[in-house]
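Reader: Hi, I have a structure open and would like to go through it slowly. Could you help me read it?

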Amino acid sequence: MKDWEAYADLLVYGALNYLIRGNREGAQGLYSKLLMMWDGNGFRDRAFEGVYQTYKCALFVYLYRALDKPDKGRNVYPRCLEIISSLQAENGGIITGYRVENGKIVPSGDTNTETTSMVVLALYSRYPEMVEERG
């Protein structure tokens, strides 16, 4: 896939791969590209078609923590937390997508195990901090 850097999730996976291999500079470079996709409400990558994907905020949180919460992106982190928390359904699951209308987050989609799992790992596990330790 030649255009993988046009997708927010693939940038995160690439950055994590760099961290595991001890290439922090490479990870930070991909992190910078990821931040360029942030529009204040979510990540507008090549796959964006009007609905933001919640798991991309979770992946951002995971990478942000893995990079030791750099100054660059510190405004994105609380916004992603706000978005994620607003998308938790009554059943406890996290809704897969959202739109922003008149400044308000509007859920779009259903809850699913994958999105919920990514959110739980990004927010509540120690895995992000362990990426470089295990690399």
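Author: Gladly, and a search for bonds between cysteines makes a simple start: across the whole structure, zero disulfides are found, a disulfide being a pair of cysteine sulfur atoms within 2.5 Å. Please keep in mind that this is a predicted model, in which local features need pLDDT of at least 70 and side-chain atom pairs count only at pLDDT 80 or more, while totals for chains, interfaces and linings use all residues. Residues are numbered from 1 along each chain as its sequence is written, and side-chain values use heavy atoms, with hydrogens and water left out.

Reader: What is a disulfide in chemical terms, and is Cys80 buried or exposed?

Author: A disulfide is a covalent bond between the sulfur atoms of two cysteines. Cys80 counts as buried because its relative accessibility is 0%, and Cys57 is likewise buried, with a relative accessible area of 0%. Buried means under 20% relative accessible area, exposed means over 50%, and partly exposed lies in between, using a 1.4 Å probe and protein chains only.

Reader: OK, stepping back, how many helices and strands are there in the chain?

Author: The chain has six helices and three strands, arranged along the sequence as α-α-β-α-α-β-β-α-α. The radius of gyration is 14 Å, close to the 14 Å from the globule rule for 135 residues, so the chain is as compact as a globular protein of that length. That radius is taken over C-alpha atoms, and the rule is 2.2 Å times the number of residues to the power 0.38. Helices (H or I, at least four residues) and strands (E, at least two) are DSSP runs, numbered from the N terminus.

Reader: And which residues are buried in α4?

Author: In α4, which covers residues 76-86, the buried ones are Val76, Tyr77, Arg79, Cys80, Ile83 and Ile84. Viewed down the helix axis, the buried residues of α4 fall within an arc of 165 degrees, so they line one face of the helix; the arc is that of the directions from the helix axis to the C-beta atoms.

Reader: What covers them?

Author: The cover over the buried residues of α4 includes α2 (24-36), α3 (54-66), β2 (95-101), β3 (104-111) and α5 (113-124), where contact means heavy atoms within 4.5 Å.

Reader: Changing topic, how many aromatic pairs does the structure hold?

Author: It holds seven aromatic pairs. One of them is Phe43 with Phe60, a tilted pair at 5.9 Å centre to centre and 35 degrees between the planes. This pair links distant parts of the chain, as Phe43 sits in the loop between α2 and β1 (52-53) and Phe60 in helix α3, 17 residues apart. Rings of Phe, Tyr and Trp (its six-membered ring) pair if their centres lie within 6.5 Å, and planes under 30 degrees apart count as stacked, over 60 as edge-to-face and the rest as tilted.

Reader: What about Phe60 and Tyr64?

Author: Those two form a stacked pair, 5.5 Å centre to centre with 25 degrees between the planes. Because Phe60 and Tyr64 are four residues apart in helix α3, about one helical turn separates them, and both are buried. Tyr31, Trp38, Phe43, Phe60, Tyr64 and Tyr77 form one aromatic cluster.

Reader: Last one: where does Asp68 lie?

Author: Asp68 lies in the loop between α3 and α4, with a phi near 65 degrees, which is a positive value in a residue other than glycine. Asp68 counts as exposed, at 51% relative accessibility.
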